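New to this one? Have a look at the chain below, and then we can walk through it together.

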Amino acid sequence: MLIKITKLNYCQGNLKRYTNKETPQGVYMSITITSNVIDISPAIRERIESRFEKLSRRQVALISPHVIIQKEGQNYLVEATAGVPNDTLFAQAEDENLYAAIKELGQRLERQLNRYADKPLAQRAHAGQPITESESESEEAE
């Protein structure tokens, strides 16, 4: 998994880029992590990477995932967007603890991804249901 981390320094006007060059065999996903309030430590990067690895188990291609970390008052606000074929996933989480916010964000993305992945199965199951007797009687009465 290729992780691309970006830290924005608005005060100094420069843009620092940090890139993790380690990739496991077969999976090449570039995650962009952006923050204007904190430095992205290896522990934060590892936590976000592990949450997205868990999402990749659903066998749905995540297209250019992007994570934004902000601070509002005492709370951290973590937002993530990730494209999937024909749709976009978006989630945000807020907590006093940054790691708890990242965990909640991962859970919300996982619920959305499960709903996205199971949608074709639900549509097929609904289409294959037989017509009940009450429905057929109401059609004959008309």
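## A first look around

The chain exposes about 9300 Å², and carbon and sulfur atoms supply 47% of that area. Keep in mind that what you see is a predicted model. As for what stays inside, buried residues make up 32% of the 142 residues in the chain.

Now for the layout. You can pick out three helices and six strands. Starting at the N terminus, the elements come in the order β-β-β-α-β-β-β-α-α. How do the contacts spread along the sequence? Take the contacts with a separation of 6 or more: residues 24 or more positions apart account for 49% of them.

## The nonpolar core

In soluble globular proteins, nonpolar side chains tend to be buried together. Here, the largest nonpolar core has 26 residues, and I48, F52, V67 and I69 are the ones with the most contacts inside it. Several elements chip in with at least two residues each: the strands β3 (30-35), β4 (63-72), β5 (75-84) and β6 (87-95), along with the helices α1 (42-55) and α2 (98-127). Which element gives the most to this core? That would be α2, with six residues.

V67 is a nice place to zoom in. Setting aside neighbours within four places in sequence, V67 is in contact with I31, T32, I33 and T34, with I48 and F52, and with V78, E79 and A80. I48 and F52 turn up again here, having already been named with V67 among the residues with the most contacts inside the core.

## Strand β3 and its partner

β3 is mostly covered, with five of its six residues buried. This strand pairs with β4 in the parallel sense, and the pairing runs over four bridges. If you want one bridge to look for, find T34 and follow it across to its partner in β4, I68.

## A glycine inside α2

G106 lies in helix α2. Is G106 buried or exposed? It counts as buried because its relative accessibility is 6%, and the cut-off for buried is under 20%. Leaving out residues up to four places away in sequence, G106 touches R51 and L55. You can also compare its position with that of R47: the two are 59 residues apart along the chain, while their C-alpha atoms are separated by 9.9 Å.

## Two residues with positive phi

Two more residues deserve a stop, S64 and N86. S64 has a positive phi although it is not a glycine, and N86 likewise has a positive value in a residue other than glycine. Here they are side by side.

| Residue | Where it lies | Phi | Relative accessibility |
|---|---|---|---|
| S64 | strand β4 | about 40° | 56% |
| N86 | loop between β5 and β6 | near 65° | 83% |

Are these residues buried or exposed? S64 counts as exposed, and N86 is exposed as well. For both, the values are judged against a cut-off of over 50%.

## Around the rings

Last stop: the aromatic rings. How many aromatic pairs does the structure hold? The count is zero. There is a charge to find over a ring, though: K71 lies over the face of Y76, at 4.2 Å from the ring centre.

Conventions: Residues are numbered from 1 along each chain as its sequence is written. This is a predicted model: local features need pLDDT of at least 70, side-chain atom pairs count only at pLDDT 80 or more; totals for chains, interfaces and linings use all residues. Side-chain values use heavy atoms; hydrogens and water are left out. Rings of Phe, Tyr and Trp (its six-membered ring) pair if their centres lie within 6.5 Å; planes under 30 degrees apart count as stacked, over 60 as edge-to-face and the rest as tilted. A charge sits over a ring if NZ of Lys or CZ of Arg is within 6 Å of the ring centre and within 35 degrees of the ring normal. Buried means under 20% relative accessible area, exposed over 50%, partly exposed in between (1.4 Å probe, protein chains only). Contact means heavy atoms within 4.5 Å. Accessible areas come from the Shrake-Rupley method with a 1.4 Å probe; for residues, only the protein chains shown count as cover. A nonpolar core is a set of buried Ala, Val, Leu, Ile, Met, Phe, Trp, Tyr and Cys residues joined through side-chain atoms within 4.5 Å. Two strands pair if DSSP finds at least two bridges between them.
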